[in-house]
Amino acid sequence: MLYPLTVIKTRQMVDGSAVGSRPPPAMSIVKDIVKERGIPGLYRGFGTIVVGTLPIRFVYLSTLEVVKARARVVCEALDLPPMAHGIADAAGGATASMCSQVLGVPVDIISQRQMVQGVAVRAASGEGTVRLRGYRNGVHALREIIAAEGVRGLYRGFGASIATLVPGSAIWWGFYGTYQRVFWQLVPAELGGARVRDEGLNLATASKKGPALDKEDPSMEFKAAVARGMAASSARSETGVPAEPGEGTVIGVQVASGVCAGATSGFLTTPLDIVKTRLQVLSGPQGAASAGGGGGAVRHTFWSTAAELYREHGALGFFRGVRPRMTSVSIWGTTMVTTYEFLKRTSKIDDAEP
(Lines give C-alpha, C1' and ligand atoms only; values in the text may rest on other atoms or scores of the structure.)
Protein backbone atom coordinates (compact mmCIF):
# COMPACT_ATOMS: atom_id res chain seq x y z
CA MET A 1 0.00 0.00 0.00
CA LEU A 2 2.93 2.33 0.65
CA TYR A 3 4.73 1.58 -2.60
CA PRO A 4 2.87 4.16 -4.73
CA LEU A 5 4.24 6.87 -2.39
CA THR A 6 7.75 5.74 -3.31
CA VAL A 7 6.89 5.89 -7.01
CA ILE A 8 5.47 9.41 -6.62
CA LYS A 9 8.49 10.58 -4.62
CA THR A 10 10.96 9.15 -7.14
CA ARG A 11 9.21 10.70 -10.14
CA GLN A 12 8.98 14.10 -8.40
CA MET A 13 12.71 14.00 -7.70
CA VAL A 14 13.68 13.11 -11.27
CA ASP A 15 11.10 15.13 -13.24
CA GLY A 16 12.57 17.99 -15.23
CA SER A 17 9.58 19.01 -17.30
CA ALA A 18 9.73 22.57 -15.94
CA VAL A 19 12.53 24.71 -14.59
CA GLY A 20 11.72 25.85 -11.08
CA SER A 21 11.60 24.53 -7.55
CA ARG A 22 8.07 23.12 -7.56
CA PRO A 23 7.71 19.46 -8.64
CA PRO A 24 4.56 18.11 -10.31
CA PRO A 25 1.72 17.64 -7.77
CA ALA A 26 1.32 14.11 -6.44
CA MET A 27 -2.22 13.75 -7.80
CA SER A 28 -1.08 14.90 -11.22
CA ILE A 29 1.56 12.16 -11.25
CA VAL A 30 -0.99 9.56 -10.17
CA LYS A 31 -3.42 10.63 -12.91
CA ASP A 32 -0.69 10.49 -15.57
CA ILE A 33 0.46 7.03 -14.50
CA VAL A 34 -3.07 5.60 -14.31
CA LYS A 35 -3.96 7.14 -17.67
CA GLU A 36 -0.91 5.65 -19.41
CA ARG A 37 -0.56 2.27 -17.68
CA GLY A 38 -3.52 1.81 -15.35
CA ILE A 39 -3.34 1.04 -11.64
CA PRO A 40 -0.46 -1.47 -12.15
CA GLY A 41 1.66 1.49 -13.25
CA LEU A 42 1.73 2.67 -9.62
CA TYR A 43 3.52 -0.58 -8.74
CA ARG A 44 6.24 -0.64 -11.40
CA GLY A 45 9.35 -2.11 -9.78
CA PHE A 46 7.36 -3.63 -6.92
CA GLY A 47 8.36 -7.18 -7.83
CA THR A 48 12.02 -6.20 -7.72
CA ILE A 49 11.56 -4.73 -4.24
CA VAL A 50 9.74 -7.85 -2.99
CA VAL A 51 12.46 -10.21 -4.22
CA GLY A 52 15.21 -8.08 -2.70
CA THR A 53 13.55 -7.27 0.61
CA LEU A 54 13.99 -10.60 2.42
CA PRO A 55 17.79 -10.90 2.20
CA ILE A 56 18.26 -7.17 2.72
CA ARG A 57 16.11 -7.13 5.88
CA PHE A 58 17.83 -10.23 7.22
CA VAL A 59 21.24 -8.57 6.94
CA TYR A 60 19.91 -5.24 8.23
CA LEU A 61 18.08 -6.48 11.33
CA SER A 62 20.74 -9.02 12.31
CA THR A 63 23.47 -6.40 12.15
CA LEU A 64 21.26 -3.86 13.92
CA GLU A 65 20.67 -6.05 16.98
CA VAL A 66 24.31 -7.10 17.36
CA VAL A 67 25.70 -3.56 17.09
CA LYS A 68 23.00 -2.03 19.33
CA ALA A 69 23.75 -4.54 22.07
CA ARG A 70 27.50 -3.89 21.90
CA ALA A 71 27.00 -0.12 21.76
CA ARG A 72 24.72 -0.14 24.82
CA VAL A 73 27.45 -1.90 26.80
CA VAL A 74 29.79 0.93 25.83
CA CYS A 75 27.21 3.55 26.84
CA GLU A 76 26.82 1.91 30.26
CA ALA A 77 30.58 1.66 30.68
CA LEU A 78 30.85 5.40 29.96
CA ASP A 79 28.08 6.04 32.53
CA LEU A 80 25.91 7.90 30.03
CA PRO A 81 22.35 8.86 31.12
CA PRO A 82 19.47 6.75 29.71
CA MET A 83 18.35 9.59 27.41
CA ALA A 84 21.76 9.47 25.70
CA HIS A 85 21.44 5.77 24.88
CA GLY A 86 19.97 6.81 21.53
CA ILE A 87 23.64 6.87 20.49
CA ALA A 88 23.63 3.06 20.63
CA ASP A 89 20.50 2.93 18.44
CA ALA A 90 22.09 5.33 15.95
CA ALA A 91 25.30 3.27 15.80
CA GLY A 92 23.29 0.11 15.16
CA GLY A 93 21.21 1.74 12.43
CA ALA A 94 24.24 3.24 10.67
CA THR A 95 26.22 -0.01 10.66
CA ALA A 96 23.22 -2.09 9.57
CA SER A 97 22.47 0.27 6.71
CA MET A 98 26.08 0.23 5.52
CA CYS A 99 26.21 -3.57 5.44
CA SER A 100 22.82 -4.00 3.76
CA GLN A 101 23.65 -1.61 0.92
CA VAL A 102 25.73 -4.29 -0.78
CA LEU A 103 22.39 -5.88 -1.66
CA GLY A 104 20.25 -2.76 -1.49
CA VAL A 105 21.90 -0.59 -4.15
CA PRO A 106 21.31 -3.00 -7.10
CA VAL A 107 17.67 -3.39 -6.02
CA ASP A 108 17.29 0.40 -5.79
CA ILE A 109 18.77 1.01 -9.23
CA ILE A 110 16.62 -1.59 -10.97
CA SER A 111 13.38 -0.58 -9.22
CA GLN A 112 13.96 3.18 -9.63
CA ARG A 113 14.61 2.88 -13.35
CA GLN A 114 11.37 0.94 -13.65
CA MET A 115 9.50 3.63 -11.70
CA VAL A 116 10.56 6.57 -13.89
CA GLN A 117 9.55 5.17 -17.26
CA GLY A 118 8.10 8.03 -19.28
CA VAL A 119 9.28 10.80 -16.94
CA ALA A 120 10.31 13.95 -18.80
CA VAL A 121 13.86 15.22 -18.20
CA ARG A 122 15.71 18.15 -19.72
CA ALA A 123 17.62 17.45 -22.92
CA ALA A 124 21.40 17.79 -22.95
CA SER A 125 21.08 20.89 -25.15
CA GLY A 126 18.98 22.53 -22.44
CA GLU A 127 16.18 23.04 -24.93
CA GLY A 128 12.99 21.07 -24.40
CA THR A 129 12.59 17.71 -22.72
CA VAL A 130 12.79 14.03 -23.61
CA ARG A 131 11.29 11.05 -21.84
CA LEU A 132 13.14 8.27 -20.06
CA ARG A 133 12.77 4.85 -21.62
CA GLY A 134 11.70 1.96 -19.43
CA TYR A 135 12.03 -1.79 -19.05
CA ARG A 136 9.51 -4.61 -19.41
CA ASN A 137 10.26 -6.01 -15.94
CA GLY A 138 13.01 -6.39 -13.36
CA VAL A 139 14.76 -9.24 -15.17
CA HIS A 140 14.83 -7.22 -18.40
CA ALA A 141 16.23 -4.23 -16.52
CA LEU A 142 18.93 -6.40 -14.90
CA ARG A 143 20.03 -7.85 -18.24
CA GLU A 144 20.03 -4.47 -19.98
CA ILE A 145 22.03 -2.75 -17.24
CA ILE A 146 24.67 -5.51 -17.09
CA ALA A 147 24.91 -5.67 -20.89
CA ALA A 148 25.35 -1.92 -21.25
CA GLU A 149 27.28 -1.01 -18.09
CA GLY A 150 28.59 -4.26 -16.65
CA VAL A 151 28.19 -5.29 -13.02
CA ARG A 152 29.48 -1.84 -12.02
CA GLY A 153 26.26 -0.42 -13.40
CA LEU A 154 24.36 -2.13 -10.60
CA TYR A 155 26.45 -0.21 -8.08
CA ARG A 156 26.23 3.21 -9.69
CA GLY A 157 25.92 5.75 -6.92
CA PHE A 158 27.02 3.26 -4.24
CA GLY A 159 28.98 5.98 -2.43
CA ALA A 160 26.00 8.32 -2.64
CA SER A 161 23.76 5.59 -1.21
CA ILE A 162 26.11 5.09 1.72
CA ALA A 163 26.29 8.86 2.25
CA THR A 164 22.48 9.04 2.20
CA LEU A 165 21.17 5.90 3.87
CA VAL A 166 23.78 5.43 6.59
CA PRO A 167 23.09 8.83 8.22
CA GLY A 168 19.39 8.37 7.43
CA SER A 169 19.27 5.07 9.29
CA ALA A 170 21.35 6.49 12.14
CA ILE A 171 19.01 9.47 12.42
CA TRP A 172 15.89 7.26 12.33
CA TRP A 173 17.03 4.81 15.01
CA GLY A 174 18.65 7.52 17.10
CA PHE A 175 15.48 9.64 17.13
CA TYR A 176 13.30 6.54 17.57
CA GLY A 177 15.12 5.58 20.76
CA THR A 178 15.09 9.15 22.02
CA TYR A 179 11.40 9.70 21.21
CA GLN A 180 10.56 6.47 23.01
CA ARG A 181 12.27 7.68 26.16
CA VAL A 182 10.51 11.04 25.89
CA PHE A 183 7.05 9.49 25.38
CA TRP A 184 7.50 7.03 28.25
CA GLN A 185 8.15 10.02 30.48
CA LEU A 186 4.68 11.25 29.51
CA VAL A 187 2.83 7.95 30.05
CA PRO A 188 0.78 8.01 33.30
CA ALA A 189 1.81 5.66 36.10
CA GLU A 190 -1.49 3.76 35.92
CA LEU A 191 -0.70 2.82 32.30
CA GLY A 192 2.74 1.49 33.17
CA GLY A 193 4.86 4.56 32.62
CA ALA A 194 6.29 4.45 36.13
CA ARG A 195 7.48 0.87 35.70
CA VAL A 196 9.30 1.62 32.47
CA ARG A 197 10.91 4.68 34.07
CA ASP A 198 11.98 2.62 37.07
CA GLU A 199 13.47 -0.10 34.89
CA GLY A 200 15.31 2.55 32.89
CA LEU A 201 16.75 3.92 36.12
CA ASN A 202 17.82 0.46 37.23
CA LEU A 203 19.50 -0.14 33.87
CA ALA A 204 21.34 3.15 34.16
CA THR A 205 22.59 2.37 37.69
CA ALA A 206 23.27 -1.34 37.23
CA SER A 207 26.98 -0.86 36.62
CA LYS A 208 27.30 1.20 39.83
CA LYS A 209 25.79 -1.50 42.08
CA GLY A 210 28.32 -4.18 41.25
CA PRO A 211 27.72 -7.90 40.70
CA ALA A 212 24.56 -7.92 42.85
CA LEU A 213 22.59 -7.07 39.72
CA ASP A 214 22.67 -9.30 36.69
CA LYS A 215 23.79 -7.66 33.44
CA GLU A 216 20.97 -9.29 31.50
CA ASP A 217 18.35 -8.52 34.17
CA PRO A 218 19.60 -5.58 36.26
CA SER A 219 16.37 -5.02 38.24
CA MET A 220 16.07 -8.13 40.43
CA GLU A 221 14.87 -6.10 43.40
CA PHE A 222 12.21 -4.50 41.24
CA LYS A 223 11.01 -7.92 40.04
CA ALA A 224 10.72 -9.12 43.63
CA ALA A 225 8.59 -6.08 44.42
CA VAL A 226 6.38 -6.84 41.41
CA ALA A 227 5.93 -10.42 42.63
CA ARG A 228 4.86 -9.16 46.04
CA GLY A 229 2.51 -6.69 44.41
CA MET A 230 0.82 -9.41 42.34
CA ALA A 231 -0.11 -11.21 45.55
CA ALA A 232 -1.93 -8.14 46.83
CA SER A 233 -5.40 -7.11 45.74
CA SER A 234 -4.13 -3.78 44.45
CA ALA A 235 -0.53 -3.62 43.29
CA ARG A 236 -0.49 0.15 43.11
CA SER A 237 -2.44 1.15 46.20
CA GLU A 238 -1.32 -1.54 48.68
CA THR A 239 2.27 -2.23 47.68
CA GLY A 240 3.26 0.82 45.69
CA VAL A 241 4.42 -1.40 42.81
CA PRO A 242 3.90 0.36 39.45
CA ALA A 243 1.48 -1.26 37.03
CA GLU A 244 2.89 -3.22 34.11
CA PRO A 245 2.36 -1.44 30.77
CA GLY A 246 -0.23 -3.16 28.61
CA GLU A 247 0.30 -4.25 25.02
CA GLY A 248 -1.74 -1.28 23.78
CA THR A 249 0.41 1.20 25.70
CA VAL A 250 3.63 -0.33 24.42
CA ILE A 251 2.43 -0.32 20.81
CA GLY A 252 1.09 3.23 21.19
CA VAL A 253 4.47 4.51 22.35
CA GLN A 254 6.24 2.65 19.54
CA VAL A 255 3.86 3.99 16.90
CA ALA A 256 4.19 7.58 18.11
CA SER A 257 7.97 7.25 18.29
CA GLY A 258 8.17 5.68 14.83
CA VAL A 259 6.01 8.35 13.19
CA CYS A 260 8.03 11.18 14.74
CA ALA A 261 11.35 9.52 13.94
CA GLY A 262 10.27 8.88 10.35
CA ALA A 263 9.09 12.44 9.77
CA THR A 264 12.31 13.83 11.26
CA SER A 265 14.71 11.60 9.35
CA GLY A 266 12.65 11.82 6.14
CA PHE A 267 12.85 15.61 6.15
CA LEU A 268 16.52 15.88 7.11
CA THR A 269 17.78 13.36 4.55
CA THR A 270 15.66 14.36 1.54
CA PRO A 271 18.41 16.58 0.02
CA LEU A 272 20.82 13.64 0.05
CA ASP A 273 18.18 11.22 -1.23
CA ILE A 274 17.20 13.32 -4.23
CA VAL A 275 20.82 13.67 -5.35
CA LYS A 276 21.35 9.91 -4.93
CA THR A 277 18.17 9.09 -6.85
CA ARG A 278 18.97 11.39 -9.76
CA LEU A 279 22.55 10.09 -9.88
CA GLN A 280 21.39 6.48 -10.12
CA VAL A 281 18.58 7.09 -12.59
CA LEU A 282 20.10 9.68 -14.93
CA SER A 283 23.62 8.23 -15.17
CA GLY A 284 24.72 5.66 -17.71
CA PRO A 285 23.32 4.87 -21.17
CA GLN A 286 19.71 5.40 -20.09
CA GLY A 287 20.48 8.93 -19.02
CA ALA A 288 22.50 9.57 -22.15
CA ALA A 289 19.76 8.34 -24.46
CA SER A 290 17.20 10.37 -22.60
CA ALA A 291 19.32 13.48 -22.65
CA GLY A 292 20.06 13.27 -26.31
CA GLY A 293 23.62 12.12 -25.81
CA GLY A 294 23.60 9.72 -28.72
CA GLY A 295 23.68 6.58 -26.57
CA GLY A 296 27.04 7.18 -24.91
CA ALA A 297 27.34 6.85 -21.17
CA VAL A 298 26.83 10.00 -19.18
CA ARG A 299 29.30 10.35 -16.30
CA HIS A 300 27.87 12.03 -13.26
CA THR A 301 29.25 12.46 -9.77
CA PHE A 302 27.46 13.27 -6.56
CA TRP A 303 28.57 16.90 -6.71
CA SER A 304 27.89 17.40 -10.43
CA THR A 305 24.38 15.98 -9.93
CA ALA A 306 23.81 18.32 -6.98
CA ALA A 307 25.07 21.31 -8.99
CA GLU A 308 22.80 20.45 -11.92
CA LEU A 309 19.83 20.11 -9.58
CA TYR A 310 20.56 23.54 -8.10
CA ARG A 311 20.86 25.16 -11.56
CA GLU A 312 17.53 23.68 -12.66
CA HIS A 313 15.42 24.12 -9.52
CA GLY A 314 17.27 26.29 -7.01
CA ALA A 315 17.75 25.52 -3.32
CA LEU A 316 14.17 24.32 -2.86
CA GLY A 317 14.83 21.72 -5.53
CA PHE A 318 16.65 19.67 -2.89
CA PHE A 319 13.30 19.14 -1.18
CA ARG A 320 11.35 17.94 -4.21
CA GLY A 321 9.26 14.96 -3.09
CA VAL A 322 9.80 15.72 0.60
CA ARG A 323 6.16 15.25 1.64
CA PRO A 324 5.58 11.80 0.10
CA ARG A 325 9.02 10.78 1.36
CA MET A 326 8.29 11.87 4.93
CA THR A 327 4.95 10.07 4.79
CA SER A 328 6.46 6.91 3.34
CA VAL A 329 9.38 6.79 5.79
CA SER A 330 7.07 7.42 8.74
CA ILE A 331 4.48 4.78 7.87
CA TRP A 332 6.92 2.17 6.58
CA GLY A 333 9.34 2.61 9.48
CA THR A 334 6.55 2.51 12.05
CA THR A 335 5.01 -0.62 10.52
CA MET A 336 8.39 -2.34 10.39
CA VAL A 337 9.49 -1.50 13.92
CA THR A 338 6.16 -2.27 15.64
CA THR A 339 5.92 -5.64 13.89
CA TYR A 340 9.55 -6.43 14.64
CA GLU A 341 9.27 -5.43 18.31
CA PHE A 342 6.03 -7.39 18.68
CA LEU A 343 7.68 -10.53 17.29
CA LYS A 344 10.61 -10.01 19.64
CA ARG A 345 8.28 -9.79 22.64
CA THR A 346 6.14 -12.78 21.69
CA SER A 347 9.10 -15.02 20.81
CA LYS A 348 11.10 -14.23 23.95
CA ILE A 349 11.94 -17.35 25.94
CA ASP A 350 11.48 -17.16 29.69
CA ASP A 351 14.66 -18.20 31.47
CA ALA A 352 12.57 -19.95 34.13
CA GLU A 353 11.07 -22.34 31.61
CA PRO A 354 12.81 -25.73 31.20
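1. The buried arginine of helix α13. R325 is buried, with a relative accessible area of 10%. The model under review is predicted, and this residue is a convenient place to enter it. The side chain of R325 forms a salt bridge with that of D273, at 3.0 Å from N to O. R325 belongs to helix α13 and D273 to helix α10 (residues 247-282), so that the bridge links distant parts of the chain, 52 residues apart. The acidic partner, D273, is likewise buried, its relative accessible area being 3%. Because the limit for burial is under 20%, the 10% of R325 and the 3% of D273 both satisfy it.

2. The network around this pair. Salt bridges with shared partners connect K9, D108, D273, K276 and R325 into one network. Several of these residues recur in the helix contacts discussed below. K9 is among the α1 residues that meet α13, and R325 is among the α13 residues that meet α1. D108 of α4 and K276 of α10 both appear in the contact between those two helices. Across the structure as a whole there are eleven salt bridges.

3. Packing of α10 against α13. Two packed helices are described by the angle between their axes and the distance between the axes. For α10 and α13 the angle is about 145° and the axes are 7 Å apart. The crossing of α10 past α13 is right-handed. Sorted by class, the residues in this contact comprise ten nonpolar, ten polar and five charged.

4. Packing of α1 against α13. Helix α1 (residues 3-14) packs on helix α13 (residues 322-346) at an angle of about 150°, with an axis separation of 8 Å. This makes the two helices, α1 and α13, roughly antiparallel. Their crossing is left-handed. On the α1 side the contact involves L5, T6, I8, K9, Q12 and M13, which meet P324, R325, T327 and S328 of α13. The contact of α1 with α13 contains four nonpolar, four polar and two charged residues.

5. Packing of α4 against α10. What is the angle at which α4 and α10 pack? The angle is about 75°, and the axes lie 9 Å apart. The two helices, α4 and α10, are therefore roughly perpendicular to each other. V105, D108, I109, Q112 and R113 of α4 meet K276, T277, Q280 and V281 of α10. By class, this contact of α4 with α10 divides into three nonpolar, three polar and three charged residues.

6. A second buried pair. Side chains of opposite charge can pair when their charged atoms come close. D89 and R181 form a salt bridge through their side chains, with an N to O distance of 3.6 Å. D89 is in helix α4 and R181 in helix α6 (residues 158-186), so this pair ties together parts that are 92 residues apart in sequence. Are D89 and R181 buried or exposed? Both residues are buried.

7. The surroundings of R72. R72 is located in helix α3 and is partly exposed, with a relative accessible area of 30%. With its neighbours within four places in sequence left aside, R72 is in contact with A88 and D89. The C-alpha atoms of R72 and D89 are separated by 8.2 Å, the two residues being 17 residues apart along the chain. D89 is the residue whose side chain is bridged to that of R181.

8. A partly exposed pair. The side chains of R37 and E36 also meet in a salt bridge, at 3.3 Å from N to O. R37 counts as partly exposed at 22% relative accessibility, and E36 is partly exposed at 48%.

9. A backbone point at D79. The phi angle of D79 is near 60°, a positive value in a residue other than glycine. Where is D79 found? D79 is in the loop between α3 (46-77) and α4 (86-115). This residue is partly exposed, with a relative accessible area of 42%.

10. Overall composition. The secondary structure of the protein chain amounts to 13 helices and two strands. Of the 354 residues in the chain, 46% are buried. Among contacts with a separation of 6 or more, 75% are between residues 24 or more positions apart.

How values were computed:
Residues numbered from 1 in each chain as written. Predicted model: local features only at pLDDT ≥ 70, side-chain atom pairs only at ≥ 80, totals over all residues. Heavy atoms only, no water. Helix = DSSP H or I, 4+ residues; strand = E, 2+ residues; numbered from the N terminus. Buried < 20%, exposed > 50% of the residue type's maximum accessible area, 1.4 Å probe, protein only. Axes fitted to C-alpha atoms, helices over the stretch in contact; angles between N-to-C directions. Parallel < 35°, antiparallel > 145°, perpendicular 65-115°, else oblique. Left-handed = near helix turned anticlockwise from the far one by under 90°. Contact = heavy atoms within 4.5 Å. Nonpolar A, V, L, I, M, F, W, Y, C, P; charged D, E, K, R; others polar. Salt bridge = Lys/Arg side-chain N within 4 Å of Asp/Glu carboxyl O.
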